[in-house]
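Before reading on, please open the model in your viewer and keep the sequence beside it. The paragraphs below go from strands to helices, then to loops and a pocket.

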Amino acid sequence: MKIGIVGTGMIVREFLEHLGNMEGLELQAICGTYRRKKELQDLSERYGIAGWYTDYDAMLKDEAVEVVYVAVPNHLHYEFSRKAVLAEKHVICEKPFTSNSREIQKLHCLAAKRHIMLLEAVTTRYLPNTQKIRQLLPELGRIRIVTANYSQYSSRYDAFRKGEILPAFDPAKSGGALMDLNIYNINLMAELFGMPRQVHYTANIERGIDTSGILTMDYDSFQCVCIGAKDCNAPVFTCIQGDRGYICIPSPVNTLSAYEVCKNADRTGRTAVPGKGRIYDDNGGKHRMYHEFREFIRIVEERDYECAEKLMEITEITMHILTRARESAGIVFDADR
């Protein structure tokens with residue numbers, strides 16, 4: 001897979017450090033703003049990237065680039081992906097793929113007409129542990145309650161309280177706790193359970209953006225609560241409860257480093273005790289981005305459009321949930337106007 005990267009932020013550096021030498025991946029180009037020129041040169045030399053650009057349109061004309069990895073701020077995802085599609089490049093885009101459901105529908109339609117694949121880089125859905133949990137769900141009986149909490153105090157919140165508006169807390173740049181952290185919880189629910197019947201988001205809102213919030217989703221036969229916070233801390237966990245047992249994930253679902261399965265028959269006493277079930281980890285000790293890019297390489301090399309479409313269905317469900325959630329909380333991005 002011959003890839004061109006647009007962006008020089010933390011996620012790009014993490015990608016290059018851990019996956020730059022991955023078999024089947026050819027780093028053809030990297031693009032950033034002119035003021036990042038020195039960084040682009042340094043990254044190109046350090047990681048053996050064939051070329052670097054300060055003009056995105058110029059990189060899109062590079063015939064050596066087959067796939068564009070979009071890793072720019074949230075509010076730019078749609079336009080940068082759209083340009084790549086028009087240039088006949090497949091797209092890997094960091095989460096959230098777009099700012100709202102309208103944008104992803106337009107982008108998907110545009111890509112389908114050109115036979116271009118759109119792949120969302122959200123680590124949760126590609127982890128072997130996630131796929132194993134999906135297989136184990138029937139053993140829990142009827143799912144009754146699902147809870148997920150991804151709370152992580154952000155140093156940017158300190159700056160935000162002092163009046164500095166950084167992208168993570170800027171409605172003009174599609175920021176907020178829902179889009180930054182809770183999206184991982186939502187992606188897992190979309191992957192495992194599909195589209196909910198109802199969505200409601202109750203948020204702590206400061207200056208038009210959610211610094212934390214509680215998302216509730218009605219799946220008819222069970223209820224789901226997803227919490228995301230950037231203004232406070234809490235133990236991070238996810239628990240899927242059925243009438244015959246539960247699965248507990250004691251880590252952020254974007255790493256999902258292990259999970260515990262406990263059946264009612266395995267329990268002594270009426271109260272569940274953490275650590276008393278069976279602990280599993282199928283991720284193989286790989287970096288959290290390894291599994292997604294391994295799959296991206298396979299999909300592109302094999303031209304597996306059917307798999308790409310199935311993954312896009314999950315992306316569209318996720319964007320529907322995120323958009324309905326913000327509407328219920330009255331959070332409006334510039335991209336919505």
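Which residue is the bridge partner of glutamate 260 in β14? In this predicted model, the partner of glutamate 260 is isoleucine 279, and that contact belongs to the antiparallel pairing of β13 with strand β14, residues 278-280, which extends over 3 bridges. β13 also pairs with strand β12, residues 245-249, again in the antiparallel sense and through 4 bridges; here glycine 245 has lysine 263 of β13 as its bridge partner.

With these two pairings in view, it is worth looking at how β13 is covered. In a regular strand the side chains alternate between the two faces of the sheet. In β13, Tyr259, Val261 and Lys263 lie on one side while Glu260 and Cys262 lie on the other, and all of these are buried, so that both faces of the strand are covered. Because 5 of the 5 residues of β13, which runs over residues 259-263, are buried, the strand is largely enclosed by the rest of the structure.

The loop between β12 and β13 contains leucine 256, a residue other than glycine that nevertheless has a positive phi, near 35°. With a relative accessible area of 0%, under the 20% cut-off, leucine 256 counts as buried.

A second group of strands is arranged around β7, residues 143-151. This strand is joined by 6 bridges to strand β11, residues 237-242, and the two run antiparallel; within that pairing, asparagine 149 has phenylalanine 237 of β11 as its bridge partner. With strand β10, residues 223-229, β7 forms 7 bridges, and in this case the strands run parallel, with threonine 147 bridged to valine 225 of β10.

Among the helices, α8 deserves a careful look. Its 17 residues reach 22 Å from the first C-alpha to the last, which is close to the 24 Å expected at 1.5 Å a residue, and yet the helix bends by about 55° at isoleucine 183. The helix is also mostly covered, 16 of its 17 residues being buried. Just after α8 comes glycine 194, which takes a positive phi of about 80°.

On the other side of α8, in the loop between α7 and α8, is serine 174, which is, like leucine 256, a residue other than glycine with a positive phi; for serine 174 the value is near 55°. Serine 174 counts as buried because its relative accessibility is 1%, under the 20% cut-off.

Glutamine 131 offers a view of how parts of the chain that are apart in sequence are placed in space. Glutamine 131 is found in helix α6, residues 128-136, and, although 60 residues separate it from glutamate 191 in sequence, the two C-alpha atoms are 9.1 Å apart. Is glutamine 131 buried, partly exposed or exposed? At 27% relative accessibility, glutamine 131 counts as partly exposed, since that class falls between 20% and 50%.

Helix α9, residues 290-302, has 13 residues and reaches 18 Å from its first C-alpha to its last, close to the 18 Å expected at 1.5 Å a residue. An α-helix has 3.6 residues a turn, so residues three or four places apart point the same way. The buried residues in α9 include His291, Glu292, Phe293, Phe296, Ile297, Ile299 and Val300. The helix is followed by arginine 303, whose phi is positive, near 50°.

One peptide bond also calls for attention. Lysine 95 and proline 96 are joined by a cis peptide bond, with omega at about -15°, and proline 96 has its place in the loop between β5, residues 90-94, and α5, residues 101-114.

Finally, the largest pocket holds about 1,500 Å³ of space. Its lining is made up of 49 residues, of which Gly9, Met10, Ile11, Pro73 and Arg156 are the closest to its centre. The elements that give two or more residues to this lining are α1 (10-19), α4 (77-86), α7 (155-161) and α8 (177-193), so named here that the reader can select them in the viewer. By class, the lining has 20 nonpolar, 16 polar and 13 charged residues.

How values were computed: Residues numbered from 1 in each chain as written. Predicted model: local features only at pLDDT ≥ 70, side-chain atom pairs only at ≥ 80, totals over all residues. Heavy atoms only, no water. 1 Å grid on protein atoms, 1.4 Å probe; cavity = no way out; pocket = protein on both sides within 12 Å on 5 of 7 lines; lining within 4 Å. Points joined across faces, edges and corners; volume = space filled by probe spheres on them. Nonpolar A, V, L, I, M, F, W, Y, C, P; charged D, E, K, R; others polar. Buried < 20%, exposed > 50% of the residue type's maximum accessible area, 1.4 Å probe, protein only. Pairing = 2+ DSSP bridges. Expected span 1.5 Å × (residues − 1). Bend = angle between axes of the 7 residues up to and from the residue.
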